[in-house]
Amino acid sequence: MERLATKSTGFPLSDFATTYQSSNGSAAWDSLKIVACLCESSWPVGLFANQTQEAEWFGPDCSLRHCPSADNPRTIANETDCSNPNNTAVPGETGNFCQVDCANQGICDYNSGTCRCFDGQYGTDCSLQMEIPVKYYYSSDGIYGAPESATESSSGGSDSGFEFDKEW
């Protein structure tokens, strides 16, 4: 533990030097007795620019793998910006990255490190949105947009005056 505590990539990340000692400054009684893992990563880990605040591999035995990270395309804020104090407990330097598995638009399988994207999203990191072709219909009370699969209803079966032949 004494050696791992000094690693800048050890968790929890902090912006100050960490040591593992007793209150009087000597080595703590268990500093050589506790075993821990410092998980590896294919990307740089830390609080500086061009580093990510979480390692690729994680868990008590480093057997779990994060999925590809990306900014959520459905929000205005950039969730991958870890220099923003609203995104993280310990803000990093400008250009520091937060790990956002599957762009928060899918479920990460931590055993394989692959994303299962929600409906309407795709890509290895789920950051791409499918485009649904839309036809616009004009009416005396406004303009309505509907998928191309919609058909005009003469029976008034829906509030908008259109019936849909499939969910979207």
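Here is a walk through the cysteine links, the core and the side-chain pairs of this structure. Keep in mind that the model is predicted.

Let's begin with the cysteines. The disulfide count comes to 5. If you number the bonded cysteines of the protein chain in sequence order, the pairing reads 1-2, 3-7, 4-5, 6-8, 9-10. Three of these links are worth a visit, one after another.

Start with C39 and C62, whose sulfur atoms sit 2.0 Å apart in a disulfide. This pair links distant parts of the chain: C39 belongs to the segment before strand 1, while C62 is in the loop between strand 1 and strand 2 (64-65), 23 residues apart. The torsion about the S-S bond of C39 and C62 is about -85°, so this disulfide is left-handed. As for burial, C39 has a relative accessibility of 18% and counts as buried. C62 also comes out at 18% relative accessibility, and it counts as buried. Both calls rest on the cut-off for buried, which is under 20% relative accessible area.

Next up is the disulfide that joins C67 to C108, with an S to S distance of 2.1 Å. Here again distant parts of the chain are linked, with C67 in the loop between strand 2 and strand 3, C108 in strand 3, and the two positions 41 residues apart. The S-S torsion of C67 and C108 is about 90°, so this disulfide is right-handed. C67 is buried at 1% relative accessibility, and C108 is buried at 13%.

Then there's C82, which a disulfide joins to C98 with an S to S distance of 1.7 Å. C82 and C98 are each in the loop between strand 2 and strand 3, 16 residues apart, and the pair is still counted as linking distant parts of the chain. With 105° about the S-S bond, the link of C82 and C98 is right-handed. C82 is buried, and so is C98.

Now for the core. Which residues make up the largest nonpolar core? There are 5 of them: C67, C102, C108, C115 and C126. So the C67 and C108 we just met turn up again here. For a look at the surroundings, take C102: leaving aside its neighbours within four places in sequence, it is in contact with C67, P68, I107, C108, C115, D125 and C126.

On to the rings. A search of the whole structure finds 1 aromatic pair. It is formed by F58 and Y110, edge-to-face, at 5.2 Å centre to centre and with 90° between the planes. F58 lies in strand 1 (residues 57-58) and Y110 in the loop between strand 3 (106-109) and strand 4 (114-117), so the pair ties together parts that are 52 residues apart in sequence. Is this pair buried or exposed? F58 is partly exposed, with a relative accessible area of 25%, and Y110 counts as partly exposed at 34% relative accessibility.

Last come the charges. Side chains of opposite charge can pair when their charged atoms come close. How many salt bridges does a search of the whole structure find? It finds 1. In that salt bridge the side chains of R65 and E56 meet, at 2.7 Å from N to O. The two ends differ in exposure: R65 is partly exposed, with a relative accessible area of 31%, whereas E56 counts as buried at 5% relative accessibility.

Terms used: Residues are numbered from 1 along each chain as its sequence is written. This is a predicted model: local features need pLDDT of at least 70, side-chain atom pairs count only at pLDDT 80 or more; totals for chains, interfaces and linings use all residues. Side-chain values use heavy atoms; hydrogens and water are left out. A nonpolar core is a set of buried Ala, Val, Leu, Ile, Met, Phe, Trp, Tyr and Cys residues joined through side-chain atoms within 4.5 Å. Buried means under 20% relative accessible area, exposed over 50%, partly exposed in between (1.4 Å probe, protein chains only). Contact means heavy atoms within 4.5 Å. Rings of Phe, Tyr and Trp (its six-membered ring) pair if their centres lie within 6.5 Å; planes under 30 degrees apart count as stacked, over 60 as edge-to-face and the rest as tilted. Helices (H or I, at least four residues) and strands (E, at least two) are DSSP runs, numbered from the N terminus. A salt bridge is a side-chain nitrogen of Lys or Arg within 4 Å of a carboxyl oxygen of Asp or Glu. A disulfide is a pair of cysteine sulfur atoms within 2.5 Å.
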